[in-house]
Amino acid sequence: MAANPTERGDDAVEDDPGIEGWRSVRRRSLALLVSVLVVVLPQLVGAGPSEAHGAPTEPGSRSYLCRVDAERPNGELRPDNPACVAAIAAGGEQQLWDWFGVLRPEGAGRTVGFVPDGQLCSGGNPAFKGLDLARADWPYTSLTAGEDITFRYNAWADHPGELRMYVTEDGYDPTRPLTWDDLENEPFSTYVQTEPNAVDVDNDSPAYAWSASLPDDKSGPHVIYSVWERSDSDETFYGCSDVRFDGGTGQVRHPVDHRTPASAGGDAIPVAAGLGAGYWSTDGDALVDANGDRVSIRGVNWFGFETANAMPHGLWTRSWEDLIDQIAELGFNTVRLPFSSALLEPGVTPDGLNEAENPDIVGMASLELMDAVIDRAGERGLKIILDRHALGPGDRHHLWWNEAYPPERLITDWELLAERYRGNPTVIGADLYNEPHAEACWGCGDPGRDWLMAATEAGNAIHAVNPGWLVFVEGVEEPDGENCDDRTPGDDCTWWGANLLDAGREPVVLDTADKVVYSPHEYATSVHRQPWFDEPAFPDNLPDVWDRYWGYLEQDGTAPVMVGELGTTLEAAEDEVWLRDLLAYLDANDIGFTYWSFNPNSGDTGGILLDDWRTVDRAKYSILEPYLLGPFDQTAPESPSTGADPPGRRCSVAVRIAAWDGAHLAHITVGNDGDTPFQAWELTWRVDEGERVRWAVGADLSTGGASNGGVSTGEVTATATPGAPDRGLAPGETVAFSFLAHNDDRLDEPLPDLRLNTTPCTTGDPS
């Protein structure tokens, strides 16, 4: 490895037209969850006499991918990857919240002879020494040798300079400390940059992006080592990006997923009476809880109990509790849990369980595992809808019976489960059968195929055992039970289970009133190309389609509607249009949904999670997230605050600051220490004289007051608000965000006069 490689060259620059959009708008929604507030006393941490910051994000450096691993929806930083956990234990939390600060202020581009062997990933900076740990389980990026790649280097604070990318020699061993001899002598890519030319979308910040070709003849684990040498100062950044040349195209993976439950070692989260309390009922077109409060289902499907595995999928990779925790943390409030009739038979046990990740459920029967899943969901504020999805394992029959599972099994299956979960309001209801179709009819009078008749009988049987449950009734494919495979002009066909045309005229009427919810399914072109996708009026024709088949039931006040399945791979452009329009339609009509699916292994939709069963599909989730309401936190809603906060409200703020010459980076954690929720929260503080706030991540940030060209005269107020409107802060809950600011070479007082809404916040340990 040469100390100062002499080969220079500009690779092709990939301009990104979104950069101007980044300059004008910086926004990220916050998803809130209940957690324990840990208050850290304010501290000033020197980071060097300059103001640049940056790190590789594609492929991601160790510091960046550990930050992604650690970041929770409320801003808490809690890593799960074992290498990241070990790194923080060795080097401290600055490695997470200052992930773009792996630098040496006096580096001047130096490498060999300046940064010691075994310290390449930290650049020899002791604040980041955890990144030097020799381990084979760092998060890594999956790549293909010899393929073209777009490098993306985050530029939190940009400066001109040169970026050089090296790769390890063949035979690199990740379990041994990285040395200069492990790297090839010359960079395989060099990029000279003057200012950002792209957007780092995931971090709402500018970036440098350029194209290059990956080295040929590489296989297995390697490190791509980056050196960013500034041309306007001696400051130099260093970074290790773990990669595997295994035929991938940029997927981020974890060699072994050792994530542990969020509540490991702690007490169960209590569930008290409040919003979502007790069993639910219907009130016209609304859903209400036992207290009469309106509730809405914004959930997700987690399948697997209906398959030959006889357990929720993903337990071959991760902890069952951890998966439930992630559903709650992502902001879903309900889980639709498919099962099969076969699951209810004696002796059925999970197949494919990762026992090392799930030692506490080894030896359980599948029904006992269902009990555990429901209990854990209840602890996390989630509700459960049980869905009779199949007859035998994976047998999604068009009718609710066949020769092996006769019609009476619809009744006896539900009686068994209604009795098993009687008195447990975590389970709010039964989705009687998944997607009746083909010859299934609505009100035709034939007992073997009349779904209206069968649903009425099953609903009454359930209520004879457990009168608290909602009964979710899907539609059919065509009301007369005609064959829609070969459509004729007289057929009125739609998705399996989505045709509720006749439910308004012939509704399901049960002996127990106010318990029926209609539950159609709706999909995009990745499942099937329905005729309306090709009409000239698309997508403006979609609301008329939805109104016709099921939306009218909600609009006419007949009964609530909850779309039990909707999903897409998003591979087709019209599918994204469809998803955005459908969610807006549901929200406008107060119609709930359970998205299909949490699982990544649904062939025609994919899932919320990617194939590693951990990483969130940000393209899908970013569309869904604004419509999620969060788990039922047992706190009744209240109107946004219009005046002074009521007595008894308390808040605390932890401030961590990295300050250097002329700038500082602040990481803020805000907690509700009282017993009353804050609604539509905002945090305000006085901007220190001589300070200019530039931008924030994790919250929307604005400033107002007396300034000189944006520089505070001491009377400027900064206001941080959540990225989504009307987000609250429940008792015991925290949120976090970061902002970058320039200052006049002194930081007199970090964030003075802090207030959450109108409540002054304390700094330090409130106890």
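Which residues have the most contacts inside the largest nonpolar core? The numbered points below begin with that matter and then turn to the helices, the loops and the backbone.

1. The structure is a predicted model, and its largest nonpolar core has 105 residues. Those with the most contacts inside this core are M370, L386, W451 and W550. The element that gives the most to the core is helix α8, residues 451–465, with eight residues. Apart from this core there is a second, separate one of 36 residues, which includes A87, L183, Y238 and V697.

2. For general orientation, the chain has 767 residues, of which 60% count as buried. Its secondary structure comprises 11 helices and 34 strands. Among contacts between residues at least 6 apart in sequence, 77% join residues at least 24 apart.

3. W550, named above as one of the residues with the most contacts inside the largest core, deserves a separate entry. Leaving aside residues up to four places away in sequence, W550 touches A498, L500, P520, E522, V561 and V563. It also touches L582, Y585, L586 and I591.

4. Helix α5 spans residues 320–329, and 10 of its 10 residues are buried, so this helix is largely enclosed by the rest of the structure. The buried residues include W320, L323, I324, I327 and A328. E321, D322, D325, Q326 and E329 are buried as well. The partners against which the buried residues of α5 pack are β16 (298–301), β17 (334–340) and α6.

5. Helix α6 (residues 366–379) also packs with helix α7 (residues 408–420): their axes come within 12 Å and cross at roughly 45°. The two helices are therefore oblique to each other, and α6 passes α7 in a right-handed crossing. On the α6 side the contact is made by L367, E368, M370 and D371, which meet L416, L417 and R420 of α7. Sorted by class, the residues of this contact are four nonpolar, no polar and three charged. M370 thus appears in this contact and among the residues with the most contacts inside the largest core.

6. How far apart are the axes of α7 and α8, and at what angle do the two helices pack? The axes are 9 Å apart and the angle is about 30°. An angle under 35 degrees counts as roughly parallel, and α7 is therefore roughly parallel to α8. Here too the crossing is right-handed, with α7 passing α8.

7. The α7 residues that meet α8 are L410, I411, W414, E415, A418 and E419. Their counterparts in α8 are W451, A454, E457, A458, A461, I462 and V465. This contact has 10 nonpolar, no polar and three charged residues. W451 takes part in this contact and is also one of the residues with the most contacts inside the largest core.

8. The loop between β17 and α6 holds P359. With a relative accessibility of 58%, P359 counts as exposed, because the cut-off for that class is over 50%. The C-alpha atom of P359 is separated by 8.9 Å from that of S319, although the two residues are 40 apart along the chain.

9. Two peptide bonds merit a check by eye. Most residues other than glycine have a negative phi, and most peptide bonds are trans. A cis bond joins E58 and P59, with omega about -10°; P59 is placed in the loop between β2 (53–58) and α2 (62–70). Another cis bond joins W596 and S597, with omega about 5°. S597 lies in the loop between β25 (592–595) and α11 (618–624).

10. Positive phi values also occur in residues other than glycine. L570 has phi near 70° and is located in the loop between β24 (565–567) and α10 (573–588). D590 has phi near 55° and sits in the loop between α10 and β25.

11. Are L570 and D590 buried, partly exposed or exposed? L570 has 17% relative accessibility and therefore counts as buried. D590, at 30%, counts as partly exposed.

Definitions and conventions:
Residues are numbered from 1 along each chain as its sequence is written. This is a predicted model: local features need pLDDT of at least 70, side-chain atom pairs count only at pLDDT 80 or more; totals for chains, interfaces and linings use all residues. Side-chain values use heavy atoms; hydrogens and water are left out. A nonpolar core is a set of buried Ala, Val, Leu, Ile, Met, Phe, Trp, Tyr and Cys residues joined through side-chain atoms within 4.5 Å. Buried means under 20% relative accessible area, exposed over 50%, partly exposed in between (1.4 Å probe, protein chains only). Helices (H or I, at least four residues) and strands (E, at least two) are DSSP runs, numbered from the N terminus. Contact means heavy atoms within 4.5 Å. Axes are lines fitted to C-alpha atoms, for helices over the stretch in contact, and angles run from 0 to 180 degrees between N-to-C directions. Angles under 35 degrees count as roughly parallel, over 145 as roughly antiparallel, 65 to 115 as roughly perpendicular and the rest as oblique. A crossing is left-handed if the near helix is turned anticlockwise from the far one by less than a right angle, and right-handed if clockwise. Ala, Val, Leu, Ile, Met, Phe, Trp, Tyr, Cys and Pro count as nonpolar, Asp, Glu, Lys and Arg as charged, and the others, Gly among them, as polar.
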